[in-house]
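Here are some short exercises to help you find your way around a new structure. Try each task yourself, then read the solution under it.

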Amino acid sequence: MNSEKPNYGYTAIKYFIGISIVGLIGLIVVMFTFFIEDPLKSIIFMLIFPIAITGLYIGALYIPLYHSILRTNPIKDVWKHILKDFRGDEQVLDIGCGTGRVSINIAKHLVSGNVVGIDIYSGVSGSSPDTAYYNAEIEGVRDKVEFKYGNVLDIPFPDNAFDLVTAGSVLHEIHDDKEKLIVLNEIHRVLKPGGKFVSIEILRDVRLYLALLYFAFVWKTKNFWETLLSKSNFKKWQSETHTQFLNLGIFIGQK
Ligand SMILES: C[S@@+](CC[C@H](N)C(=O)[O-])C[C@H]1O[C@@H](n2cnc3c(N)ncnc32)[C@H](O)[C@@H]1O
C-alpha cells in the first residue's frame, strides 16, 4: 500500500504560517516595548503593532478556510450523489482543477470513464500538472485522469464533448461578471445534451463575514449565482446549500 500522502494545495498553508510567525514576532517585539523608554517605545509600538495584528489575523483566517474546504473535503458526498446514476464510462471535465482534488474524487467513481482537468495554474496554491499527477498516482487513479493547461474562458474542447463538467471553488476567481457568464456558456457548449454542470462555491453571507470580515467580498452570495445561471444558456438548474464550517452553495445545471 502507498503510504505517501496526496498534496491537495496545502502549500498555501506555508504563506499563512509565515505570516502568522511574523505576527507572533511582532507581538513579542510590542511586549518588549513595555521595558523601554519613549520616544523609541512609541515609534516601535506604532510601527510594529499593526504588523503584529495583521499577521495574527491573517494566520487566524486560515482556520475557517482550512476546515471548510481543505480538511473536510466537504464536496465528497456531493460527487457521490451526482455520480450515483452514472454508468461509469462518462467523460468528465474538471475546470480549475488545481491539484486535482475534485478530478481525483470523481475518477474514483468511474470504471472506464476519464476525467480531464484544466487550469491556468496561477496563484499561491502552488498547483501544477505534476502535483495533480502525483496525487492521482497515490490515489490509484492515474490511468483515469489527464491534467493540462486550459483557460475556462475559452475551453479547449469541441461542442458536446462531456457528460459532466465540475468546478470546485473556481467561478469566483473569474472576477469580471460578464466573463463569468462567458464561462457558464462555454461549459454549456462543451456539455453533451442532458449533461450536467456542478459548481461549488463558498457563499458570502453572515457566517462568512463573521469568519473572514472584509475578505468575504472575494466570494458571492447564493442569489448572485442563481441570477447569473438564469441569464446563462442553462435553462435547467438547481441550487442547494450545504453547511460546513461555512455555507457552501452547490449549483447544478443541466444542458
Ligand atoms: C480555489 S482553486 C480550486 C482548485 C480545485 N478545483 C480544488 O477544489 O481544489 C481555483 C483554481 O481555479 C483556477 N483558475 C482560475 N482562473 C482560471 C481560468 N481562467 N481558467 C482555468 N483555471 C482557472 C486557479 O488556477 C486555481 O487552481
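## Exercise 1: around the ligand

In this predicted model, 17 residues surround the ligand, and the closest are Gly96, Arg101, Asp119, Asn151 and Gly168.

**Task.** Sort the shell around the ligand by residue type, then find polar contacts to the ligand and see how much of it the protein covers.

**Solution.**
- Start with the types: the shell divides into seven nonpolar, seven polar and three charged residues.
- Go to Asp119 next, where a polar side-chain atom sits 2.6 Å from an oxygen atom of the ligand.
- Now try the backbone: a polar backbone atom of Gly168 is 2.9 Å from a nitrogen atom of the ligand.
- Ile120 also offers a polar backbone atom, 3.4 Å from a nitrogen atom of the ligand.
- Finish with the cover: on its own the ligand has 600 Å² of accessible area, and the protein covers 88% of that.

## Exercise 2: the overall build

**Task.** Describe the protein as a whole: its helices and strands, its burial and its contacts.

**Solution.**
- Count the elements, and you get eight helices and seven strands.
- Check burial: 45% of the 255 residues count as buried.
- Look at the outside, where the protein exposes about 13,100 Å², with carbon and sulfur atoms supplying 61% of it.
- Then take the contacts between residues at least 6 apart in sequence: 73% of these join residues at least 24 apart.

## Exercise 3: the nonpolar cores

**Task.** Which residues touch the most other members of the largest nonpolar core, and which elements build that core?

**Solution.**
- The core has 25 residues, and those touching the most other members are Leu93, Ile95, Ile155, Phe157, Val165, Ile187 and Phe197.
- Two or more residues each come from strand S1 (91-95), strand S2 (114-119), S4, H6, strand S5 (191-202) and helix H8 (222-231).
- H6 gives the largest share, four residues.
- Zoom in on Ile95: setting aside residues up to four places away in sequence, its contacts include Ile118, Val152, Ile155, Val165 and Ile187.
- Another core lies apart from this one; it has 22 residues, among them Val102, Ile106, Ala107 and Val145.

## Exercise 4: one leucine in H8

**Task.** Is Leu228 buried or exposed, and what does it touch beyond its sequence neighbours?

**Solution.**
- Place it: Leu228 lies in helix H8.
- Compare with the cut-off: buried means under 20% relative accessible area, so Leu228, at 8%, counts as buried.
- List the contacts: leaving out neighbours within four places in sequence, Leu228 meets Asp177, Lys180, Leu181 and Leu184.
- Take Leu184 from that list: it is 44 residues from Leu228 along the chain, yet their C-alpha atoms are separated by 8.7 Å.

## Exercise 5: unusual backbone spots

**Task.** Where is there a cis peptide bond, and what are the phi values of Asn160 and Ser169?

**Solution.**
- Begin with what to expect: most residues other than glycine have a negative phi, and most peptide bonds are trans.
- The cis bond joins Asp38 and Pro39, with omega about 5 degrees.
- Pro39 lies in the loop between helix H1 (12-32) and helix H2 (40-71).
- Asn160 has a positive phi, near 55 degrees, and belongs to the loop between strand S3 (145-149) and strand S4 (162-168).
- With a relative accessible area of 41%, Asn160 is partly exposed.
- Ser169 is not a glycine either, and its phi is positive at about 60 degrees.
- Ser169 is in the loop between S4 and helix H6 (177-190) and is partly exposed, with a relative accessible area of 22%.

Notes
Residues are numbered from 1 along each chain as its sequence is written. This is a predicted model: local features need pLDDT of at least 70, side-chain atom pairs count only at pLDDT 80 or more; totals for chains, interfaces and linings use all residues. Side-chain values use heavy atoms; hydrogens and water are left out. A residue is near a molecule or strand if one of its heavy atoms lies within 4 Å of it. A polar contact is a pair of N or O atoms within 3.5 Å; within protein, one must be able to donate a hydrogen and the other to accept it, and residues adjacent in sequence count only if both atoms are side-chain atoms. Accessible areas come from the Shrake-Rupley method with a 1.4 Å probe; for residues, only the protein chains shown count as cover. Ala, Val, Leu, Ile, Met, Phe, Trp, Tyr, Cys and Pro count as nonpolar, Asp, Glu, Lys and Arg as charged, and the others, Gly among them, as polar. Buried means under 20% relative accessible area, exposed over 50%, partly exposed in between (1.4 Å probe, protein chains only). Contact means heavy atoms within 4.5 Å. A nonpolar core is a set of buried Ala, Val, Leu, Ile, Met, Phe, Trp, Tyr and Cys residues joined through side-chain atoms within 4.5 Å.
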